[in-house]
Structures are given as C-alpha cells and as structure tokens.
Amino acid sequence: MKNILVVDDAATVRMYHRKMLGDAGWRIEEAVNGLEALERVMNQPPEQPFDLYVVDINMPKMDGYTFVRELRRLPQGTQVPVLMVSTEAQPQDAVAAEEAGANCYLIKPAKPQDLVLTAALLLGDGPAARRAADAQLQGVRA
Amino acid sequence: MSLNSTELLDQFILEARECLENIGHRLLDVEKSPSDTGLLNDLFRQVHTLKGNCGLFEFKALEHVVHAGEDLLDRIRSGQQRYNPEIADVLLDAMDYTSSLIDVIESQGKLPDSAQERSRHLAQALRRHLGEPAPAAVQSAPPATTADTPLPDWIGLAPPEWRESGRIVVRYRPEADCFFKGEDPWRLASTTPGLLHLAVAPDQPWASGDAFDCYVCNLDLRLVSEAPLAEIEAHFRYVPEQMALWRMPDAPPEPALAPPAAAAPAAERSCVQMDLMNTRLQQIWDDQRRLLARSGVSAGTVASVRQTLTHLLICRDDPPLIAEARAALGRIAPGPVPLAQWALQYRPGGTDMDIEGPGQAAASVPAPRREGGTAAEDGSTERGQKVLKVSQDKIDRLMELIGEMVVAKNALPYLATRAESLFGQRELAREIKAQYSVINRIAEDMQHAIMQVRMLPVGIIFQRFGRLVRDLSKKLGKDVSLVVEGEETEADKNVIESLADPLIHILRNSLDHGLETPEVRLAAGKPAQGTLRVSARQEGDRVMLTIHDDGAGIDTDRVRLKAIERGLIPADRASTLTDAEAVQLVFLPGFSTSDAISDLSGRGVGMDVVRNAVERINGQVELESVRGQGTTVRLTLPLSMAVTNVMMIEAGRRRFGVPMDLIVETVRVPAEDIHHFKRSQTTVLRGRIVPLRSLSELLGLDNEARMNDDGELAVLVVRLGSENIGLLVDNFHGTSDIILKPLEGVLAGITGFAGTALMGDGSVLMILNPKELV
C-alpha cells in the first residue's frame with residue numbers, strides 16, 4: 001500500500017487530508033511541522049518508505065520549504081514526489097515551492113477530488129486517478 | 001464542498017477556538033511590542049491556520065473575515081504596514097465576531113445567512129487598512145456580459161438536473177497569452193464556487209507539428225454553477241472581458257433549444273472525464289519540466305522529478321507508450337538536462353501523443369547514491385510531552401465516580417465494626433480493616449490524580465484581563481499597564497471558574513475608581529502610567545491571588561460618611577474606626593449602591609458580592625488600602641473544592657459536619673472560664689476574647705451544650721471573615737473527606753447549611769455553614 005506523509009500544523013487540515021487520501025486507499029501518516037516530518041522520514045523503516053509527501057508551507061519550527069530542501073538531501077527523500085498544499089495563493093509562493101524542490105503545488109483548500117487526482121498521479125496510481133477524475137466530473141459537488 | 005462530517009467539524013471547532021484564543025493573546029502582546037517579528041509571525045500563522053481551516057468548509061462568511069485579517073497581518077509582519085491601536089481594534093473586533101460564528105457553527109452546524117452581511121462589513125473594515133478596495137467594490141463593476149441574454153446552445157447538452165432555474169452558466173475563453181499574465185485558467189475554472197459541471201474543449205482546432213505552441217492558451221471552458229451570480233463574478237473578477245455569463249431561466253430551456261444530440265452528453269462526458277485526468281497529468285508533467293529547467297536544481301529534486309515522471313507515465317493507460325518511454329528513460333544520462341530533454345519528447349496528457357525516438361542514447365543511469373545513514377543515526381528522537389485533549393464531561397464523570405468510590409470505601413470500617421460486634425468475627429473484622437487501608441490508599445491516590453487532571457493554570461482567567469484592561473482603560477481615558485505574575489499557578493477548574501467574575505469585578509473597580517487619569521497622576525507626582533498587578537502563587541493547599549493597583553486608594557472619610565448615611569453603622573462607631581477598619585466597611589452588604597459609586601474615588605462597587613462569591617468556594621478576601629498609594633485585594637482560595645474535609649461534631653445528639661477550612665481550633669474550656677454577660681457568653685483564648693454561641697441554640701435544638709466528666713465544654717473555634725467565634729458543641733469526632741452536595745429542591749432555601757454529604761454507613765451528614773448560622 002502506498003504510504004503518504006501529511007505534514008501540516010493545522011489538525012483540521014491533517015484530518016481532512018487523512019480522510020480524503022485515506023479514503024482513496026492509501027496509508028496516511030502525519031507530522032505537525034517540518035522538523036517532526038524530517039524526524040519521521042529519518043526514522044522510517046526502509047521496508048516501508050513514504051511514497052508521497054503532502055506538505056503545508058507555513059508551519060512553526062520548520063516551514064515546508066525548508067523541509068523539502070532538507071528532504072532532498074536525504075537518501076530517503078530524493079526519489080519521492082512532494083505535493084505542496086498551501087493557502088498561499090501568490091504566484092511567488094508557487095515559485096518558492098518549486099525552488100525548494102516540490103513537484104507539485106496545490107492551493108488550499110484543494111477540492112477533494114483534485115487533491116486525490118493529483119496525489120494519484122504523483123503516486124503513479126492510475127486506477128485511483130481515473131476514479132478521482134470520474135468523481136470530479138460526475139457533477140458531484142466536489 | 002460538502003464535507004461537513006461531524007468528526008472533522010468538531011476538530012475544526014476545537015482548533016478554531018484554540019487559534020482564536022492564541023490570536024487574542026498575541027494581539028495584545030503585539031500591541032506591547034509591535035516590532036517583535038517572532039510574535040508577529042506567530043500571530044500571522046495562527047490566523048493563517050484558522051483561515052486555511054475555514055476554507056475546508058463552506059463557511060464563507062467566516063473565511064472572508066479571517067482572510068482579510070490575514071492579509072492585514074501579512075502586511076504588518078512584512079513591514080508594509082504599521083501596527084496601530086485602530087488596527088488592533090478592528091482585528092480584535094473581527095476575532096470576537098469570528099469567535100461568535102464558531103459558537104453558532106457548533107450549535108447549528110452551519111452559519112446563518114445573516115452572517116454574510118456583517119462579515120463583509122468587518123472584512124471591509126480590515127481591508128480599509130490595506131488601502132485596497134474591498135471585494136464588494138470589485139463586484140459592483142460587473143462584467144460587460146449580462147446574465148439576461150439568451151442561453152447558448154451548448155447548454156442543451158447538459159443533463160436536466162444542472163439546468164435548474166437560477167443556476168449560472170459560464171463560458172470562459174482565456175486569452176491566448178494568459179499564461180504570460182500569471183493566469184491559470186483551469187485552476188480558476190475548477191475552483192469556481194458552487195461548481196456543478198465543467199467541460200473543456202479547444203477553442204480553435206489544435207495546431208499540429210511545429211506550429212503547436214504549448215504556451216498559447218487555446219481553451220474554451222464551460223461551466224454550470226449553483227453559486228449566486230455575484231459570487232461567480234467575484235471569482236472571475238480579474239478576467240471579466242473573457243467571460244460570458246447566463247442565468248438559467250425559470251422555464252426549462254429544452255423546448256427552445258432541443259438539440260438533436262440530446263443523447264450525446266454521456267459520450268461527451270466520458271470523453272471530458274478522460275480529458276480532465278490527462279489535462280491534470282499534462283500540467284504536472286509540465287511542472288516537472290519547469291522544475292528541471294530551474295538553475296541550481298538539486299540532485300535530490302532531479303531524482304524526485306524522475307520518479308514523478310515515471311509515475312505519471314504509469315497513470316497514462318497506454319502500455320506501449322509506457323514501455324517505450326521507460327526504456328528511453330533508462331538510457332538517459334543523469335542530471336537535469338537529459339531528463340528535461342527526455343520529458344520534452346512526450347506529452348502523456350496531451351490529446352495526441354507525438355512520440356519521437358529517443359533523442360540521445362547514453363550510458364545507463366547509476367542508481368541513486370545512498371550515502372549511508374549519517375542522518376538516520378540520531379534516531380533516538382525524544383518527542384515532547386504528548387498532550388491529550390479530553391472533553392470536560394469525561395473528567396467530570398471521573399470525578400463523580402471517584403467521589404462515589406470515596407464514599408463507598410468508607411462503608412468498610414462500618415462493616416468491620418459490624419462483623420466484630422454483631423457476628424463476633426474479630427479476625428474477619430481485622431482483615432476487612434487491613435483491606436480497607438489498602439483501598440483507602442489507592443482511592444486517595446486516584447482522587448489526587450484525577451484532581452490533578454482538573455487543575456488548570458490560573459493564567460486561563462488572567463488571559464481575559466488583558467483585553468478588559470485595555471478596553472476599559474481606553475474608554476476611561478487612563479493609561480494602565482497590566483502586569484501578570486504566576487500565571488502557571490494551578491487550581492481546580494471549578495475554583496478557577498468561580499473566580500473569574502469576582503476577579504473581573506475587582507479589576508473593574510481598580511480601573512474605574514482606583515487608578516487615576518494621567519493628569520491627576522502626574523499632579524500627584526506619580527508616573528502617568530498606572531500599574532495594575534495581578535499575581536498568583538501557591539501556599540500550602542491554598543492559592544493566593546493578589547490584585548494591586550497604584551491608584552488613589554480608598555477615601556476612608558467618604559467610606560465612613562457613606563456607611564453612616566446608609567445606616568450601616570452608627571456615627572459614633574464610625575469615628576472610632578481606624579482607617580484600616582474603615583476600609584473594611586466596603587464589604588458590608590448594601591454599602592454600594594448605584595449612586596454611591598459615581599463620585600466615590602475608591603472601591604465599593606459590590607465588594608460584598610465579591611466576598612460572597614469567594615467565600616462560597618471557601619476562600620477569603622482581604623482588602624488593604626493606603627490613600628494616595630493604592631489598593632491591594634488578597635484572595636485566598638482552596639486548591640480544590642471537589643472534596644471537602646470536614647470535622648464531625650455533635651450537638652443536640654445529632655452529628656453535623658463543619659468544613660475544616662473554617663476551623664481555627666478545638667478546645668475544651670472549663671465551665672467556670674465562660675463568662676456570661678447579659679445574654680452573651682465569652683471566653684478568653686490565648687489572650688483574646690472569643691464570643692461564644694451555643695450551636696444547638698443556633699440550630700433551634702433545645703438541648704444545652706453538655707459538659708464532659710471533667711466539667712469542660714467543647715468549643716469549636718471557627719473563623720468568620722476576619723474574626724473568630726466559638727461554637728459550643730457537645731462533642732468532637734474525627735474528620736472525614738466528603739463530597740459536598742448543595743441543598744436542592746425544597747431544601748435549597750434553608751440557610752445555615754452548606755450542603756449534605758453521604759457517609760460511608762449510608763447516613764446523610766448535614767454540613768454547617770457557620771457564617772449563615774451566626
């Protein structure tokens with residue numbers, strides 16, 4: 001099962017992501033800031049690596065940018081896609097995310113199906129991506 | 001988004017309250033040190049988190065306000081805007097309102113429509129400080145297109161349920177060069193409020209081959225939304241000239257349009273669905289290419305891009321393509337450039353794949369380097385103390401249970417006595433007693449532990465003071481700095497809760513009557529800024545709270561005058577009182593009346609109310625005042641009021657309990673040492689005259705206090721306010737921990753009793769309230 005680490009200081013957002021992404025069939029773990037996330041990454045058993053990081057930007061102790069930059073220096077962090085999800089809607093924030101090494105950037109609140117679709121694509125989970133695309137256009141108020 | 005699952009909503013409310021509390025706190029802190037960037041960042045983050053959370057729900061009214069607040073704070077923390085008291089006012093207002101909305105959400109699960117108006121107002125007030133027009137102003141200039149022109153033909157393709165009257169139909173044709181203007185048409189369209197349907201088609205036929213330019217936007221987006229027109233106009237406010245809007249008419253449009261392809265929607269839709277996924281796929285694909293093109297992209301990022309591209313390929317359901325592309329990927333050299341070139345060859349999400357042969361064949365890619373576990377070695381991470389949030393009900397339930405347990409365990413000694421006296425089982429009685437002491441110890445530990453859970457720092461109520469002092473002193477034209485000490489001192493939740501009102505009362509008095517205006521202070525040779533000091537500390541099993549102001553102090557002459565005027569004390573007595581004693585007059589019930597406070601430059605507003613509230617939780621109030629120098633109020637409170645330790649006494653052949661907090665001492669006084677003076681009795685203890693009252697007389701029992709065999713009378717000395725009084729009782733018994741239950745129902749009106757307690761043997765013990773008795 002694909003393993004996702006959700007990094008966000010807002011408990012509500014973590015719960016929301018856990019619900020959305022968990023319902024899509026992935027395993028979710030959480031960290032409350034970049035520093036804790038980094039610790040989690042380092043202590044993650046090699047047989048159960050994270051397959052995707054869903055990261056907020058503005059967090060105490062260590063923000064999302066720094067986390068991604070640090071992550072990219074770790075052997076465990078180089079191959080793994082990072083999806084940044086933040087309320088920062090300014091173009092320069094997306095640019096900063098890119099600079100830090102995030103693979104994709106979504107503006108919070110991400111519509112559930114868009115979040116799932118994006119995560120599915122980043123994870124290489126085709127069936128989940130198709131389901132999410134279906135759901136998004138089913139006229140369901142996503 | 002209709003994801004209002006209760007669990008998530010509860011979490012939202014919990015976190016929102018937490019954020020709001022922190023925001024309120026920080027706002028006041030920031031006012032004190034407006035240049036503290038750490039503080040500002042923290043404040044900003046709290047608002048930011050709150051806004052982000054609001055966005056997850058459809059709490060638009062809430063989000064508007066918080067968003068405006070966030071924008072304002074962003075300006076402040078980046079130094080573009082100076083923090084000033086007006087800004088603080090608007091922000092505090094906005095947060096108060098937000099807080100009230102959270103309450104509404106909690107009780108009703110949604111926001112009332114009326115919230116929109118007020119929140120727009122507040123958001124505008126906030127945005128005024130940003131110097132930018134409020135969104136409402138933008139909305140007032142609607143796009144040139146009108147919502148009243150006839151509907152376009154294509155809407156006939158939409159299923160009937162989308163064509164309900166009042167829905168808004170939107171056609172959005174982004175400009176060809178919109179990508180260069182920082183626009184993201186797909187994102188804009190797909191985040192349309194109330195979106196029901198979204199279809200995308202090329203605006204013009206796609207150019208093929210070299211003529212194709214991926215930077216030219218060629219889209220025709222059509223959508224149906226159920227949001228109000230104004231909201232949609234606001235959403236597309238930056239691209240009004242590229243929009244066309246229609247409102248669904250009241251009558252279903254089918255007859256007029258009746259397109260021949262009425263059966264087509266299904267097919268078209270599935271095509272669109274595929275498109276949606278592929279569009280997104282292509283977007284991310286292009287994102288990765290852009291990422292590779294950045295200067296100084298790290299090796300780690302390149303590896304992640306590579307992985308992401310592979311994943312994207314996998315998602316594209318086209319096995320030959322995947323195989324081909326992966327093979328090519330396996331052959332390329334490391335580094336961003338070859339990967340970018342490889343990525344450029346494919347358009348996995350594009351409508352048509354143009355797959356060219358691999359541009360360059362290169363040596364195989366070395367596996368990503370693994371440089372060992374330097375980082376993994378410091379794995380012994382010690383996380384901070386985990387905090388568990390538990391609802392108050394659960395703790396109260398625990399408290400009740402342990403209360404019952406304490407009472408139930410007390411039955412064991414009775415049982416032991418019965419076993420011995422009734423059944424002659426001395427051995428069994430001994431064992432029961434031994435077992436009892438074990439259970440007793442565990443129960444005590446448990447009780448202690450649960451009480452610890454209920455302990456809260458007094459800072460919780462102090463927090464409210466900052467705002468109170470700020471608002472009130474401003475209103476009164478006074479300059480007051482609030483100093484808070486010992487916020488971390490803990491006391492039982494009930495104590496803390498019942499303290500809040502008296503404390504606020506005291507503070508208000510200080511601000512209103514104690515502290516002077518800056519002019520008066522300067523004239524008196526004091527600093528213009530007055531100081532209000534609230535401090536807390538623990539002393540034994542009591543919590544001491546001190547509220548001190550350096551104001552004018554209490555005008556004792558006026559107090560004397562007032563007291564005489566109100567008939568509270570005779571004039572001759574008033575003149576013999578020392579100043580310290582005169583100050584105490586303010587505690588007399590009836591001392592303060594509304595007309596007395598306005599001109600009384602001291603305390604006096606409902607101090608009897610304060611005293612009652614404090615004494616109800618077994619606390620004491622002391623008041624000290626020096627004219628011209630200030631006033632100090634001292635509150636002494638029990639740490640906990642869940643369990644009361646009482647002494648059992650006997651009077652009129654009945655047992656009663658008296659709270660140990662009130663008992664000064666128990667003495668046996670020889671009958672001849674009791675002096676009778678008219679109808680009153682006194683005795684001398686430790687050189688002080690102590691008035692004596694017979695308890696059975698006070699209770700209306702017709703027994704005289706009994707003497708013991710040595711001709712001594714049992715005197716229970718209790719503290720009543722600042723004086724001691726001796727109660728003549730028949731006998732003293734041991735002490736016991738009891739759970740005090742207040743008198744309820746028809747008994748509630750009975751004075752003289754603090755309540756009842758259930759004893760271990762099943763009997764009910766009446767707990768006396770000596771203050772009411774005497």
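**Reading the labels on a predicted model**

The crossing of helix 1 and helix 2 of chain B is left-handed; the model is a predicted one.

User: Why are helix 1 of chain B and helix 2 of chain B called roughly antiparallel?

Analyst: Their axes, over residues 6–32 and residues 37–56 of chain B, cross at roughly 155°. Angles over 145 degrees count as roughly antiparallel, so helix 1 and helix 2 of chain B get that description. The axes come within 9 Å of each other.

User: Which residues make the contact of helix 1 and helix 2 of chain B?

Analyst: From helix 1 of chain B they include B:F12, B:C19, B:I23 and B:L27. Helix 2 of chain B contributes, among them, B:L39, B:L43, B:V47 and B:L50. Sorted by kind, the residues of this contact are eleven nonpolar, four polar and four charged.

User: What makes A:K61 exposed?

Analyst: A residue is exposed if 12 or fewer other C-beta atoms lie within 10 Å of its own. A:K61 has 12 within 10 Å, and therefore counts as exposed. A:K61 sits in the loop between strand 3 (52–55) and helix 3 (64–71) of chain A. Its phi is near 70°, a positive value in a residue other than glycine. Most residues other than glycine have a negative phi.

User: How do you know that B:R653 is exposed?

Analyst: By the cut-off of 12 or fewer: B:R653 has 11 C-beta neighbours inside 10 Å, so B:R653 counts as exposed. B:R653 also has a positive phi, near 60°. B:R653 lies in the loop between strand 12 (644–651) and strand 13 (654–659) of chain B.

User: What makes strand 2 and strand 4 of chain B edge strands?

Analyst: Strand 2 (195–202) and strand 4 (243–247) of chain B each pair on one side only. The open sheet has four strands in the order 2-3-1-4, with antiparallel pairing. Neighbouring strands of this sheet are turned by 15° against each other on average, direction ignored.

User: How do you know that strand 1 and strand 3 of chain B pair?

Analyst: Pairing needs at least two bridges, and strand 1 (residues 168–172) and strand 3 (residues 219–225) of chain B have five, in the antiparallel sense. In one of these, B:I168 has B:S225 as its bridge partner.

User: How many helices and strands does chain A have?

Analyst: Chain A has six helices and five strands, in the sequence pattern β-α-β-α-β-α-β-α-β-α-α. Of its 142 residues, 61% count as buried.

Conventions
Residues numbered from 1 in each chain as written. Chains lettered and ligands numbered in written order. Predicted model: local features only at pLDDT ≥ 70, side-chain atom pairs only at ≥ 80, totals over all residues. Axes fitted to C-alpha atoms, helices over the stretch in contact; angles between N-to-C directions. Helix = DSSP H or I, 4+ residues; strand = E, 2+ residues; numbered from the N terminus. Parallel < 35°, antiparallel > 145°, perpendicular 65-115°, else oblique. Left-handed = near helix turned anticlockwise from the far one by under 90°. Contact = placed C-beta atoms within 7 Å. Nonpolar A, V, L, I, M, F, W, Y, C, P; charged D, E, K, R; others polar. Buried ≥ 20, exposed ≤ 12 C-beta atoms within 10 Å, placed from the backbone.
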